[in-house]
Amino acid sequence: MTQEFEAVAEPGVLTPRMPRDVGARSQRQRVLDALALTCAQKTFAATTIGDIVTEAKISRATFYKHFAHKRECFDAAVAAFADELEAAAIDAQKRSDARSLAVQEAIAAILDLLAEKPEWARLVLIDAPIVEPAILGGHRDRVVEGLEAQWQRGKGGEHAKADSLIAFGRAHVLIADYLAAGRADQLPKLLPELTYIALLPFVGHEQALAQDKLAR
Amino acid sequence: MSRASPDRRPDRPATDGDLVALDLRLWKLPRGRHGLPREVVARSQRERLIAAVVRVTAAKGYQATSVADVLKAAGVGRESFYKHFEGKEDCFLAANDVLIDDLEATVTDAYAQPGSWSERIRRGLAATLEWLAADADVARVMMLEMGTVGPIATTRFRQTFHRFTVLLDDGREAIDGVPDLPNLSSIAGGAVFARVYEQVALGETESLPQLLPQLTFELLLPYVGEAVAAAERTAAEEEVAKQNANSERGAGTPR
């Protein structure tokens, strides 16, 4: 952990402040939490606004104060958690100057957050791609652009390397499989394998495997 | 589940799955009185319902589909429906099972042909892509609609994924120096699954066989590394070029 990161984590920053809109904001957050929980239990398609307001213990009128319809609420929840994941990843990668290790730190942070909030993880990784495949496509582009910025991705050597968009697909399938199996708590154990997946398109099979051994 | 092996008999015993032709629309029995014994009628009723739930769900989406829609498409009465299925979800999941069994039989047959492990994997993959490309409704129902059904279907979905990745496990014995990663078969198979899912979601199911070279490379890569995977990709490119030439030649002749 670098000095820079410790500075970010200093106690003062985390001291709760109470802005004036805290009541309204926590109400909105309660709706989003309720949506994530209900979707995890019965999928987005089967979730009704009735389910959400019951879970959030708010009235239907309050729901409509924040969101025009179920889909808008869903999109807001997915965007909020995706931003949270991205912020955690960006923060974590500052811990190392070596790019392979920085990627590994980012993956570790993402896995920890997914394990900590399994309903939200399901919302973003299982429900969102079904509701609208383009949502996942957007996140995929952000992740892949971030990785490609680290490496000048040439054709490298006599055999072309793996495709980076497909690498994202591998990671998604592996994590979603653990979530669907109710194994969210074990996600952090996937760090070596996800490091291999993320590095495969950039450094090739042999070197990605070497990095995976360091992650163990 | 049955594991593929080179000595697997290609003439497997007939099961319900084997009776299902890919063109499920052909199942409809002639209307009116017929002299078929009752169990044949019942089985064909079941098959008609399964065909119907696939067609209707592909067209309307699972959530918007009602039992009444399925009855109408199948030409089967409500009472008969409930003799075979508990409800819409049961019928839909039964259809998915029939389709998965058929796909699995197709893939394991292709994989069972003699050759190197990499070659056999490439053939199994080619069979998968062709099977899915043959019927866009079926691909849509299995890949996309399954996700909208609910928790039981989600569990079934991931079990299905592992019914196919388990075929890759032979690779650990078949080749030297396979990486010691616990989820290796998921990492390899995930590449195919993610890319196929995307292609179906884009509505480009018919062109799945064109992905064979790239997906052969990505599927084999975690097991064998770039050099061997690239050699098998070249073989796949030749295969696709041959197939494309054949279909161009056949395009002029009536079916």
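Tutor: Let's begin with a term: pLDDT is the predictor's confidence in each residue, on a scale from 0 to 100. We need it here, as this is a predicted model.

Student: Okay. Which helix of chain A has the lowest confidence, and which the highest?

Tutor: Helix 1 (residues 3–8) of chain A is lowest, with a mean of 38, and helix 4 (residues 49–56) of chain A is highest, at 96. Residues 1–16 of chain A have a pLDDT below 50, and beyond near neighbours in sequence this stretch has 9 contacts in the model. For chain A as a whole, the mean pLDDT is 86, and 84% of its residues reach 70 or more.

Student: What about chain B? Which of its elements come out lowest and highest in mean pLDDT?

Tutor: Helix 1 (residues 38–60) of chain B has the lowest mean, 87, and helix 5 (residues 117–133) of chain B the highest, 96. Over residues 1–23 of chain B, though, the pLDDT is below 50, with 26 contacts beyond near neighbours in sequence. Chain B averages 85, and 82% of its residues score at least 70.

Student: And what scores does the predictor give the complex?

Tutor: An ipTM of 0.82 and a pTM of 0.83.

Student: Let's look at the chains themselves. How many helices and strands does chain A have?

Tutor: Chain A has 11 helices and 0 strands. Chain B comes to 10 helices, again with 0 strands.

Student: Now a "why" question. Why does A:L32 count as buried?

Tutor: Count the C-beta neighbours. A:L32 has 23 of them inside 10 Å, and a residue is buried if 20 or more other C-beta atoms lie within that distance. The count reaches the cut-off, so A:L32 is buried. You'll find A:L32 in helix 3 of chain A.

Student: What is A:L32 in contact with, leaving aside its neighbours within four places in sequence?

Tutor: A:A76, A:A77 and A:A80. What makes those contacts is C-beta atoms that lie within 7 Å of each other. Now set that beside A:E145: this residue is 113 positions from A:L32 in sequence, and their C-alpha atoms are 28 Å apart.

Student: Let me try one. Is A:K57 buried or exposed?

Tutor: Check the number: A:K57 has 9 C-beta neighbours inside 10 Å. Exposed needs 12 or fewer, so A:K57 is exposed. A:K57 sits in the loop between helix 4 and helix 5 (60–66) of chain A, and has a positive phi of about 55 degrees although it isn't a glycine.

Student: And where does A:T43 lie?

Tutor: A:T43 is in helix 3 of chain A. A:T43 isn't a glycine either, yet has a positive phi of about 70 degrees. With 22 C-beta neighbours inside 10 Å, A:T43 counts as buried.

Student: How do you know that the length of helix 9 of chain B agrees with what a helix should span?

Tutor: Helix 9 (residues 184–201) of chain B has 18 residues, which at 1.5 Å a residue should span 26 Å. The end C-alpha atoms are 26 Å apart, so the two values agree. The helix does bend, by about 30 degrees at B:G190.

Student: What makes you call helix 9 of chain B mostly covered?

Tutor: In helix 9 of chain B, 17 of the 18 residues are buried. Just after the helix comes B:G203, with a positive phi near 75 degrees.

Student: How many residues are in the largest nonpolar core?

Tutor: The largest nonpolar core has 123 residues; among those with the most contacts inside it are A:L35, A:I175 and B:V53. Leaving aside its neighbours within four places in sequence, A:I175 is in contact with A:L114, A:L125 and A:L187. In soluble globular proteins, nonpolar side chains tend to be buried together.

Student: Last one: how many residues of chain A are in contact with chain B?

Tutor: 26 residues of chain A, which touch 26 residues of chain B. On the chain A side, helix 3 (22–46), helix 10 (164–180) and helix 11 (191–215) each supply at least two residues. Helix 10 of chain A gives the most, with 8 residues. That side of chain A divides into 13 nonpolar, 6 polar and 7 charged residues.

Conventions: Residues numbered from 1 in each chain as written. Chains lettered and ligands numbered in written order. Predicted model: local features only at pLDDT ≥ 70, side-chain atom pairs only at ≥ 80, totals over all residues. Contact = placed C-beta atoms within 7 Å. Helix = DSSP H or I, 4+ residues; strand = E, 2+ residues; numbered from the N terminus. Nonpolar A, V, L, I, M, F, W, Y, C, P; charged D, E, K, R; others polar. Expected span 1.5 Å × (residues − 1). Bend = angle between axes of the 7 residues up to and from the residue. Core = buried A, V, L, I, M, F, W, Y, C linked by C-beta atoms within 7 Å.
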